[in-house]
Amino acid sequence: MMVPGTPVGALPGFWLPRSVREQLLTPEIAWESVAFSEGRECGKECAADDPDAVAVSWPRLSAAEWGRALDILSRNRARAPRGPELWSRLQSALHSVAVRQTRGNASGYHAVLSALSSYTGYSPQMIGVALHSRALWQVDDMAKAFQFRPTWEAARQWAPLAGLPGLLRFYPSGRLASARHRYALGAKAPLFGSERPPETVVGFAAGNVPGAALLIVLLALATAISGGGSPAVLVRNSRREPIFSPLVLSMLEEEDEDLVSSVALLIWDYDDLQLQRVVLSGADLVVAAAGDDTIGRISKDIALCGGAARFHAHGHKVSFTTIGKKYLTGSREQLGISGIDDLEGVALLAALDTAMWDQNGCLSSRVHFVERGGAPDDEPQAYAEALTRRMRMLAAGLPRGRWPRNRLHDSFDSYKAMESWGPIRVLSDYDDDFVVILDGRHPAADESGARAFAAQVNDCQGRVVVVRLVDDLLEVPELYLRHLPRGMLQSMSVAIGISDQPPNRRFLEFASACGREGVTAIRSAGRAAFPQLAYSWDGYLPLDLVRRRPAGHFTTIEFDDCAESMRSTYQELDKLLRPPRPGERHQSVADPGSSTDGSS
């Protein structure tokens, strides 16, 4: 989207529909800008004149201009499609955008990859995999997510997700957490109240993982599926990654202008309380994907505005992986993928769950729990070694971002020093762009154990992964997860059990215990970086966007058959991770015959 008057050489860090642009973006408009290089803000975190910097800009609106913009967005709701038609047209437009990204202007596409990479610091290959992975996002299922009506039975046992793979469980909080209060409500009583789709949605996106603002926009537009009109949507774009979401919205406008006529992305100052009140006072729903401090400030600002808006807060979270003993052998009985055994296949999927976004996002796995098998005793070590091989392959095909290596070296040195006095082994090399640690210690049950595990989780950043051993799956929630605040737990990637359908009792006991500790999404290995919008996001379902319900969180299992889900993910990722240009000599990282030293 080229906007007249923007600073020369700057990319747009905002998006406004055509009707707003034509009325507000006059030659007299004031502009603000910021430049980043390799994820660092120029003038603050690196030199102001960094030659590799990418600059973005956005308009600085006056109070009167803000009022006009919000008024136009509200009036444009009448132009947008209503009900399920909106989502159907949006799916079609998104498909066209995806085709254009990969098959259209190749030079323009690679220019976007280069700008995103230079601005955020992530490698072009990683950003490319994310942009090519539409098959793993599955936005097609959103319509079904608004159709089912969970009852209080979901607070007692796992319930099916009508029309969707997987299961759902509700964990009430407050006084409803007691069995006595739940019994009084009755198992068949509906969990959700009457439908009230929002007319105005305000969002706040933060962080440097591409697309956070776009995710909020998609969720806001999805509320029309329930039968209402499209809401007016205003999202504060992230200064640390403001490029990708405006680009996609601009392309969507070219495909179907009415779809996004009531959507705007802008950047404004959180500390401008008067502006915050203008923005928040008319909101029915506020969605924030930001740091805990920012979420606290937004919550206070909502209260100052009267507290009428529902607030969905998505703060700092951590995620994990659990590998069952049946996947630790060299057989091909579980995944059934031609040419690769279960151990190597699962290790690749689990490695991707850790490597994607270099553990900067909440979805990246930090600690891998591995269930000991009956025999032989070295099965967990075999997994850690396979994980190291796959992390090394990904380091070549999906390189780490351009972050300082001192954190990796500090972790390597720290754990290497522990090898002499504990059951700890560092499997990676000093010069690797990752660190893999096999930690065989048994966790202490006291406060010191809680502090030690929390510190270990916090250390797993920038592609540092710890493999810990458990004798039983239930030890994961009972000996480890319980040491962390419930509000910090997000997703658990799993490779557990055999191809049972539905999931077997042993797995459901494990999933229930994880849910009680605060895990809100259970995905098959390989899917951590590709959240499914139709399922739980930090305990909220899509129905939470249009209905109210008692306090608590949902936990969803996002598959019927874990092995089948991993198999389809593997096959899709195998295509994505192969070289994009014909004739380029580089084996797939999924090829077990590839070199293990990072060469190609």
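This report covers the fold, the main sheet, the salt bridges and the cysteines of a predicted model.

## Overall make-up

The protein chain has 600 residues, and buried residues make up 58% of them. It contains 18 helices and 19 strands. Its accessible surface comes to about 23,800 Å². Carbon and sulfur atoms account for 50% of that surface.

Many contacts span long stretches of sequence. Take the contacts between residues at least 6 apart in sequence: 78% of these join residues at least 24 apart.

## The ten-stranded sheet

One open sheet has 10 strands and mixed pairing. Read across, the order is E5-E6-E19-E18-E17-E12-E13-E16-E15-E14. Strand E5 (159-160) and strand E14 (424-426) stand at the edges. Each has a single partner strand, so one side of each is left without a neighbour in the sheet. In general, strands of a sheet pair through backbone hydrogen bonds, either parallel or antiparallel.

Strands E13 and E16 are a parallel pair within this order. E13 covers residues 365-371 and E16 covers residues 464-470. Five bridges join the two. Glu371 stands opposite Val470 in E16.

## Helices against the strands

Helix H13 (residues 379-397) lies across five strands: E12 (318-323), E13, E14, E15 (435-439) and E16. It runs at about 175 degrees to E15.

Helix H17 (residues 505-517) also packs on the sheet. H17 touches E6 (167-172), E12, E13, E17 (489-495), E18 (521-524) and E19 (552-557). Its direction makes about 35 degrees with that of E6. Strands E12 and E13 are listed for H13 and for H17.

## Salt bridges

The structure holds 32 salt bridges. One of them joins the side chains of Arg60 and Glu32, at 4.0 Å from N to O. This pair links distant parts of the chain, 28 residues apart. Arg60 sits in strand E4 (residues 54-60), and Glu32 in strand E2 (residues 30-37). Arg60 counts as partly exposed, at 44% relative accessibility. Glu32 is partly exposed too, at 30%.

Glu41 and Arg239 form another salt bridge, at 3.1 Å from N to O. They are 198 residues apart. Glu41 lies in strand E3 (residues 40-41). Arg239 lies in the loop between strand E8 (232-236) and helix H9 (244-255). Glu41 is buried, with a relative accessible area of 8%, whereas Arg239 is partly exposed at 26%.

## A helix pair and a network

Glu85 and Arg89 meet in a salt bridge of 3.0 Å, N to O. Both belong to helix H3 (residues 83-103). They are four residues apart there, so about one helical turn separates them. Glu85 is partly exposed, with a relative accessible area of 43%. Arg89 is partly exposed as well, at 26%.

Salt bridges also form a network. Its members are Arg18, Arg79, Glu257 and Asp258.

## Cysteines

A disulfide is a covalent bond between the sulfur atoms of two cysteines. A search of the whole structure finds zero disulfides.

Two cysteines show contrasting surroundings. Cys514 is buried, with a relative accessible area of 0%. Cys305 counts as partly exposed, because its relative accessibility is 26%, and buried means under 20%.

Notes
Residues numbered from 1 in each chain as written. Predicted model: local features only at pLDDT ≥ 70, side-chain atom pairs only at ≥ 80, totals over all residues. Heavy atoms only, no water. Disulfide = S-S within 2.5 Å. Buried < 20%, exposed > 50% of the residue type's maximum accessible area, 1.4 Å probe, protein only. Contact = heavy atoms within 4.5 Å. Areas by Shrake-Rupley, 256 points an atom, 1.4 Å probe, with all protein chains shown as cover. Pairing = 2+ DSSP bridges. Axes fitted to C-alpha atoms, helices over the stretch in contact; angles between N-to-C directions.
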